Each structure stands twice: as structure tokens, then as C-alpha cells.
Amino acid sequence: MSSNVSRRIVLRGTAAAAAGVALLATGARAADHTGHTMDHTGHEGHGTGLAAFDEVYKGRRIVGKPVTSGEHAAHGGFAVTIDGKELHVMRNADGTWISVINHYQVFPEPLSLTRAAVDKLRGASLVPIQM
Amino acid sequence: MAVRKNQANLTATEKRTFVNALLELKRTGVYDGFVRTHDQFIMSDRDDSDRVGHRSPSFLPWHRRFLIQFEQELQKVDPSITLPYWDWTVDRSVNSSIFGADFMGGNGRSRDAQVTTGPFAYSTGKWNINVQAENSPFLQREMGAAGTLPTRAQVDAVLAMPVYDTAPWNSASEGSFRNYLEGWRGAGRVHNNVHVWMGGHMATGVSPNDPVFWLHHAHIDKLWSDWQRMHPSSAYLPAAGTANVVDLNDTMRPWNNVTPAQMLDHSAYYTYA
Ligand SMILES: [Cu+2]
Ligand SMILES: [Cu+2]
């Protein structure tokens, strides 16, 4: 199991680099592994997707990490920022993800969801929605 | 009796009257109140806890009530107005008349997705985006960049489903007319895919910033009405006693005085042409 996990993480990193879309920040792999360990304890039935990440994508710093308490836990146990500003994300019952920027299109895990938000922002900054 | 018409059949005068009322609600701030309300629900409706506006059985009666309230605000500006609906199984091109400069305006430009034509272009000074998730002040669209508009065959397949909704009453519900129409399941991903196809604001939690929102949801509302006629013995579900979900006779937030049961028949408010 854990060797599968390692291989998958390596493959994903390789694919991203090969596509030329991401500059993996130093230590991203270690962060991935930490996140995945928490995935096993906090969620059943989906082995992929809750890996932490910290990378520069299209010039934006994107950070995602599992959280186990507070408001984020209720949103699927994961918190995401783009250049330090919170991206509101939500986990669907089937394990897929949406964000406030892509609210009607599902993504398999938070990293692809966050990259899609960066694509759509075109350099704009996230702002908290006033309730 | 008020009649909601297909937008493709509106006269030039009807289009102008509708657009002017939208601009007036925007000017007075009433419009942005609707955007804010919708976003509050879309952020708080969750599969594993309380859900009212989306991903739940009350998706259809909630939006019916929401559209009636919006339509009543438009009618305060001009009593002749009803919400038109957009049948995207027919008018499915960026060049369709709905996106003409005399009505909803066109696609966003490639550089920043900014809508630059029609009454809602930023340059008019009359359509600033105020309730927003990011800091661009102009209406955005990226039509056709992602998603596909549902086909008539895909819609018909959903209309053929006889059961209104099924446990677990959320985005994972199978065999559920509501969930397949909402588009968390099914080949067409019907309602959701139209938001995705429009792109820009329509794809976000603050989707009512784009006036196309109302025409899209009026069509979803009509499809619910069509489904009721096709399945007269199929009832709203669940009937009672369901945690986190609005049962038939429970009241819906934010109004707290209207139930799904009271929204099943729209004919007291409007009919469809
Ligand atoms: Cu909605
Ligand atoms: Cu919608």
C-alpha cells in the first residue's frame, strides 16, 4: 500500500513537471506524504486526493493542507490558499471537489481544483465574500 | 395571467423592458442582494449537513421561490415583465440571439474574459460586479471553454426518470430526477453543465451576477413543470422526518414561511408559453 502511494505521488509530480505547468516547490514531496498519512486516518473509502501541496503554479503560490478542526473540517477537511488568500473549497459526497471559483464542475482532488481556479483567475486576487 | 416565454420569442420591446428593469434593480442595490443570498446558500449547502438551495431535494422549490421573488421585484419596475427562459437545447451557440447586444450581450474577450458588448458591459458604467469572490469589477464569460450544453436527448432521458429524489438526498443520489436535472449525476450533467459552459461568473458561487442566471433557472423550473405533467403520480420526496433535508411540509430558509408543498404548483404565479 505505502509503496503504491509513493509511486503515485512520484508519477504525479513527474507528469506535472513534464507538462511544464508547475514548478514544484522544494519540499513538496515531503508535504505530499504528510498529507497522505492524514488522509488514511480521517477519511474512508477514497485513497487518493487529500495530499498536501505547496507549489508555484503559473506564478501563483498555491498551498493546500488537511485540517482536522474548525470551519475547514466541515468543508471536507482541507484548506487551500492562493497567494495567501483563502479559496473556499468543498468536498462532495463521492469524494470529488468544487470551489467558489468552479462551483458546478467537479475535480478529483484539491490540487487540480486549485490549479483550475488559478487558470480562471487570470491574475486576479481572491477576496472574502461579504456575507 | 403572467406568462413566462421562451426568450427567443420576445419582441424588441419586451427585451428592452426586461433589460431596463434589470439595470434598475442593479442601480438600487436590490439585484446584489439576490446575488448575496444565492452565494450564502451555495457556500453553506453541504452533502453531509444542512442543505436547502442546492444538492438536495429542495433545489427545485427553493429556486422556484427565489425566481418568483426576483420576478416580483422586476414587476415593481414594470408590471408587464415575466422571466423569460433560455432553452439551451435549441439556442446553443455564442451567436444565438440571446447573446445579442440588444439583450444579454456576448462572450467575454480572450484577454480577461470581460464582457464588452451589450447592456451589461463594464464600459456602460451600469453593471459593476460588487458581490464577488475575486477582485475583477467586470462581468466575465468564457462561453464554450469548458463543459457542453446538454442535448435534447440528454434532457429527455432525465425527464423520463419517474422518482423525484432518492436517499441520501444529496449530490450522490442515484435514480433521482432532481439530482440528474441538477447535474451532479448523469451524462448531460444538465443544470450544472450550463453554468460551466457559460464560464466566467456563471461558473462560480456568485453566478447570479450574470443575468443569464435567471433565464437558465427559468428553463430548469419549466423542466420541473414538464416532468410533473409527465409523471402525475410522482410526488416530491422525502415526505417527512429526514435529517438535514427539507421535507415536503418543512419551511425553507431564508423565507421560513414557504414549504416545497406550496411550490409544487406554479400556476398561481405564472404559466409557461
Ligand atoms: Cu442556485
Ligand atoms: Cu444554477
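Here are three short exercises, with worked solutions, on how chain B meets chain A in this predicted model.

Residues are numbered from 1 along each chain as written, and chains are lettered from A in the order in which they are written. Local features need pLDDT of at least 70, side-chain atom pairs count only at pLDDT 80 or more, and totals for chains and interfaces use all residues, while side-chain values use heavy atoms, without hydrogens or water.

**Exercise 1.** Find the mean pLDDT of chain B.

*Solution.* Start with the term: pLDDT is the predictor's confidence in each residue, from 0 to 100. For chain B the mean is 97, and 100% of its residues reach 70 or more. Then look at the complex, which the predictor gives an ipTM of 0.95 and a pTM of 0.88.

**Exercise 2.** Work out how much area is buried between the two chains, and which three residues of chain B supply the most.

*Solution.* Buried area is the accessible area (1.4 Å probe) that two parts lose on being put together, summed over both. Here that comes to about 2700 Å², with 56% from carbon and sulfur atoms. On the chain B side, B:Met43, B:Arg46 and B:Ala133 supply 22% of the area buried against chain A, more than any other three residues.

**Exercise 3.** Count the salt bridges across the interface and describe one of them.

*Solution.* Look for a side-chain nitrogen of Lys or Arg within 4 Å of a carboxyl oxygen of Asp or Glu. This rule finds two salt bridges between chain B and chain A. One of them pairs A:Arg122 with B:Glu142, whose closest N and O atoms are 2.4 Å apart.
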